[in-house]
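Open the model in your viewer and show side chains as sticks. The tour moves from stop to stop; select as you go.

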Amino acid sequence: MAEDTDFDAYLEGSEADAKPTEDIKSELEQDPDDMEPQTFTVRGHVCEIRFSRKRIDLYEERHTPIIASFYKNDGMFTFKELAAIAGYGLKVQGGGYFLPQKAEEIVNNLISTNGYPAVFQAVMMALQRDCAFLFKGAGN
């Protein structure tokens, strides 16, 4: 029961200030053609990266616009940008989004565990699946 309380500290609406530590297990190895959310487990909870226009707007209020960064960096993101973008899309599967600052810490652990390419792929698949409007008309 205490473990669930610790986990809840990462979700929006929680007052606790816990730091992510152990129990992050990668399950990011999926076929990119199926466009299903790539999942991973955080403290026994299945999580995914999903975006909505609102989540993109929240990110862009505090950071460089996603497409501007993408084009500026030749189709990539800096490590900090990738962790922040993924953090705004990180949520419990079938549940709520994580607090962006807490999620960024979790994503940094995912990058350390799985490598930049695996997390980048998960983010790009989620952006293409959930926010295709970002890429419309970009046929260059």
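Buried here means under 20% relative accessible area. Keep that cut-off in hand, and remember that this is a predicted model.

**Stop 1: helix α4.** Select residues 79-89, which form α4. Colour the buried residues: Glu81, Leu82, Ala83, Ala84, Ile85, Ala86, Gly87, Tyr88 and Gly89. That makes nine of the 11 residues of the helix, so α4 is largely enclosed by the rest of the structure.

**Stop 2: the cover.** What covers the buried residues of α4? Show β3 (45-49) and β4 (90-92), both part of the cover. Then add the helices that also contribute: α2, α3, α5 (100-114) and α6 (116-130).

**Stop 3: His63.** Go to the loop between α2 (53-62) and α3 (66-72); His63 sits there. Is His63 buried or partly exposed? Its relative accessible area is 28%, so His63 counts as partly exposed. Now look for its partners beyond four places in sequence: His63 is in contact with Ala84 and Tyr88. Both of these residues are among the buried ones of α4. Next, draw a distance from the C-alpha atom of His63 to that of Glu81. The viewer should give 8.3 Å, for two residues 18 apart along the chain.

**Stop 4: the cysteines.** Select Cys47, which is buried with a relative accessible area of 0%. Move to Cys131: this residue is buried too, and its relative accessible area is 0%. How many disulfides does a search of the whole structure find? Zero.

Notes: Residues are numbered from 1 along each chain as its sequence is written. This is a predicted model: local features need pLDDT of at least 70, side-chain atom pairs count only at pLDDT 80 or more; totals for chains, interfaces and linings use all residues. Side-chain values use heavy atoms; hydrogens and water are left out. Helices (H or I, at least four residues) and strands (E, at least two) are DSSP runs, numbered from the N terminus. Buried means under 20% relative accessible area, exposed over 50%, partly exposed in between (1.4 Å probe, protein chains only). Contact means heavy atoms within 4.5 Å. A disulfide is a pair of cysteine sulfur atoms within 2.5 Å.
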